[in-house]
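Got your viewer open? Let's take a short walk through this structure, one selection at a time.

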Amino acid sequence: MKNKSIALQSSEYKLLLQSFTEWLQLLNYSPLSIPVHATALKDFLQYQEQNSKLSLEQLHAPDAGAFILQLQDKTGKRTGRPLSHKHINKYIQALLLFSKYIRQTGRSVIGFSLQRLEEATTKPVWLTTTEIQKLYDVTAPTILGIRDKAMLAVYYGCGLRLNEGASLELQDIDSTKKVLHVRKGKGYKERFVPVAEKNFEAIKLYLDHARPQLLQQVRTTALFIDANRGRPMQKQSLYVRVKQLVKKAKIKKKVGTHTLRHSIATHLLQSGMKLERIQQFLGHGDLDSTQIYTHLANETI
């Protein structure tokens, strides 16, 4: 979707792209999704230029459909396979927003008739609040049990990815603001994740009482410490530990750390949090990745 090396030729299109971006900002669209929509529109405007249509006056409703059709014939540069429906739907969403923008601002009366493509994706597994409580209930009143609750606070309470949790260090925990600084997010993106009071208490208890005992003589700033050698826990060890809790809680679903991430996202949506805020909370690059939780939440409401 990225095509930053080729600049738009039409000065009208350059201004149009800029004003569309500012319009999205005024409507409080997520800072993560705005560049995605802008890049998609830029690709469409470049497509128009390639077809000798250099102004908005030359835009016709079928142009958007023709653009989407040619995307369906393309293959990805890296994969060599046809573009996924999920990828193409990002363009469709951006073009529908653009159509709304030009009509609301009086630039054109053109409206695009585009339908999202059906995405062949498997539905994420997630746990109910009752099942989450079972995980907490089976944590033992021991040093490792305290660490288990801190792990649940990070992977469920804060919705971190496996690698993000494994990469946490002491300096990433802001006790004053009660946030986690995720420095090694997907695509090397950083974000700050708020920590709810109970989750923060679980992390603090681990830091004050369990971690010093697990550390032994090893010096490390890693948050999670291995039980045997006092070294930083690796991703696989954290994953296995969560699986052990699931088995102990007698939960039959196929559960990993990412299941906890799906679960908190679904629970937040059920509680009324806006999708854009959940997108920022999870560190999703665009809103499409967060949309799946709408369907999960609706299934249980």
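Which residues of strand E2 point one way, and which point the other way? Select residues 179-182 and turn on the side chains: Val179 and His181 point one way, while Leu180 and Val182 point the other way. Whichever way they point, all of these residues are buried. Keep in mind as you look around that this is a predicted model.

**Next stop: the strand before**

Now add residues 173-174, which make up strand E1. E1 and E2 pair in the antiparallel sense, over two bridges. To see the pairing up close, pick Asp174, which stands opposite Val179 in E2. Then follow the chain through the hairpin of E1 and E2, where four residues sit between the strands. Stop at Lys178 in this hairpin: Lys178 takes a positive phi near 55 degrees.

**Across to the other partner**

Select residues 191-194 to bring up strand E3. This strand also pairs with E2 in the antiparallel sense, here over four bridges. Click on His181 again and look across: Phe192 in E3 stands opposite.

**The sheet as a whole**

Show the three strands together and you have an open sheet in the order E1-E2-E3, with antiparallel pairing. E1 and E3 stand at the edges and each has a single partner strand, so one side of each has no neighbour in the sheet.

**Zoom out**

Go back to a cartoon of the whole protein chain. How many helices and strands are there? Count along the chain and you should get twelve helices and three strands. The C-alpha trace spans about 70 × 40 × 35 Å along its principal axes.

Next, try a surface view. The accessible surface of the protein chain comes to about 16700 Å², and 52% of that belongs to carbon and sulfur atoms. Of the chain's 301 residues, 48% count as buried.

For a last pass, colour by charge. You'll find 45 positive and 25 negative side chains, and the centres of those two sets lie 7 Å apart. And if you display contacts with a separation of 6 or more, residues 24 or more positions apart account for 60% of them.

Definitions and conventions:
Residues numbered from 1 in each chain as written. Predicted model: local features only at pLDDT ≥ 70, side-chain atom pairs only at ≥ 80, totals over all residues. Heavy atoms only, no water. Buried < 20%, exposed > 50% of the residue type's maximum accessible area, 1.4 Å probe, protein only. Pairing = 2+ DSSP bridges. Contact = heavy atoms within 4.5 Å. Areas by Shrake-Rupley, 256 points an atom, 1.4 Å probe, with all protein chains shown as cover. Lys, Arg positive; Asp, Glu negative; His and termini not counted. Charge placed at Lys NZ, Arg CZ, Asp CG, Glu CD.
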